[in-house]
Amino acid sequence: ELRVTAGLVQQACDKIREALESPDGRVAIDRDVRKKLRPLLDPLELAHVGEQFLAVSAVWFDRFDPREAQLATKAATIGEVRQWMNEPNPMGLPDTLENLVILTYARQANRMLTLQGIPMPESLTSLRDDIVLERQKLPAQKEWDQACERASYFFGVTIPALPTLANLQKLHDQVAALCKQFGPDVANYLGKLRTILPAVVGAEAEVPRYKTAAATNALCQAV
């Protein structure tokens, strides 16, 4: 008998997230992880846990997405998805497993959890029924590739190749953290150049070092 613990559900959630960030929707797993996750995820139809890979299933996406398309708002709430999950018969799942199904669907469908327009954190233990699964407009692949290339060049961060909501959030979090950490130093350096360069070269605005510092400071401020 499978003993469903908070740690096991969290591990399943993390692996599903990792798989959805990859181009083919799967992630490599070792033997110990396979033994723990297969009895949980295969019966729930959330993922197929094979000998080498965990591949996320589209079963729940295919069930929920047509139902959501019938809504006048075109955006379901957690409560509505929870209701669909238990039709025509209740599944009898604990809240953590219901939430795992809902969060998997939200990631597959690139939905952001919002409450009165404010983004809400994902949670396996607490998902309010009035939270909305808000549709997001994502960049085209060509635009995403360019953004990832620039993020790597300027900030040294590596982002997965797919323009999903999860990857967009990862790009935001990593770049914003770096700007918060180093932005004050960039601004301070720019201020020193403004003070020193006029005495050395006269018009500082045409000096390449000043142009780079000014552009970098503007980028940090914009982020």
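Where is the place of asparagine 110? The points below take up this residue and then the wider fold of the predicted model.

1. Asparagine 110. This residue lies in the loop between α5 and β4 (111-115). Its phi is positive, about 55 degrees, although asparagine 110 is not a glycine. The residue comes just after α5. Asparagine 110 is buried, since its relative accessible area of 16% falls under the 20% limit used for that term.

2. Glutamine 116. A positive phi near 55 degrees is also found at glutamine 116, again a residue other than glycine. Glutamine 116 sits in the loop between β4 and β5 (118-119). With a relative accessible area of 78%, glutamine 116 is exposed, whereas asparagine 110 is buried.

3. Helix α5. The helix covers residues 95-108, which makes 14 residues. At 1.5 Å a residue it should span 20 Å, and its end C-alpha atoms are indeed 20 Å apart, so the expected and computed values agree. The helix is mostly covered, with 11 of its 14 residues buried. Among the buried residues of α5 are Leu97, Leu100, Val101, Ile102 and Leu103. Polar and charged side chains appear in that buried list too, including Glu98, Asn99 and Arg107.

4. The largest nonpolar core. This core holds 41 residues. Those with the most contacts inside it are Leu41, Leu46, Leu54, Phe64, Leu100 and Leu113. At least two core residues come from each of α1 (6-20), α2 (31-44), β2 (47-49), β3 (53-56), α3 (59-69), α4 (78-85) and α5. A second, separate core has 10 residues, including Trp144, Cys148, Leu171 and Cys179.

5. Leucine 41. Which residues does leucine 41 contact, once neighbours within four places in sequence are left aside? They are Ala12, Ile16, Leu46, Ala47, Val49, Leu54 and Leu100. Of these partners, Leu46, Leu54 and Leu100 are, like Leu41, among the residues with the most contacts inside the largest core.

6. The sheet. Three strands form an open sheet in the order β1-β3-β2, with antiparallel pairing. Why is one side of β1 (26-28) and of β2 left without a neighbour in the sheet? These two strands stand at the edges and each has a single partner strand, so one side of each remains unpaired within the sheet. From one strand to the next the twist averages 15 degrees.

7. Strands β2 and β3, and helix α2. The antiparallel strands β2 and β3 are joined by 3 bridges. Alanine 47 stands opposite valine 56 in β3. Helix α2 packs on the sheet and touches β2 and β3. The direction of α2 makes about 145 degrees with that of β2.

8. Salt bridges within the chain. The count of salt bridges comes to 17. One of them joins arginine 26 to aspartate 24, where the closest N and O atoms are 3.0 Å apart. Arginine 26 is partly exposed, at a relative accessible area of 37%. In addition, Asp14, Arg17, Arg107 and Glu122 are linked in a network of salt bridges. Arg107 is also one of the buried residues of α5.

9. Arginine 34 and glutamate 51. These residues form a salt bridge whose closest N and O atoms are 3.7 Å apart. The pair links distant parts of the chain, with arginine 34 in helix α2 and glutamate 51 in the loop between β2 and β3, 17 residues apart. Are the two partners buried or exposed? Arginine 34 is buried, with a relative accessible area of 12%, while glutamate 51 is exposed, with a value of 53%.

10. Arginine 67, glutamate 87 and proline 88. Arginine 67 forms a salt bridge with glutamate 87, and the closest N and O atoms are 3.0 Å apart. This pair likewise links distant parts of the chain: arginine 67 belongs to helix α3, and glutamate 87 to the loop between α4 and α5, 20 residues apart. Arginine 67 is partly exposed at 31% relative accessible area, and glutamate 87 is partly exposed at 34%. Glutamate 87 is also joined to proline 88 by a cis peptide bond, with omega about 0 degrees. Proline 88 has its place in the loop between α4 and α5.

Notes:
Residues numbered from 1 in each chain as written. Predicted model: local features only at pLDDT ≥ 70, side-chain atom pairs only at ≥ 80, totals over all residues. Heavy atoms only, no water. Helix = DSSP H or I, 4+ residues; strand = E, 2+ residues; numbered from the N terminus. Expected span 1.5 Å × (residues − 1). Buried < 20%, exposed > 50% of the residue type's maximum accessible area, 1.4 Å probe, protein only. Core = buried A, V, L, I, M, F, W, Y, C linked by side-chain atoms within 4.5 Å. Contact = heavy atoms within 4.5 Å. Pairing = 2+ DSSP bridges. Axes fitted to C-alpha atoms, helices over the stretch in contact; angles between N-to-C directions. Salt bridge = Lys/Arg side-chain N within 4 Å of Asp/Glu carboxyl O.
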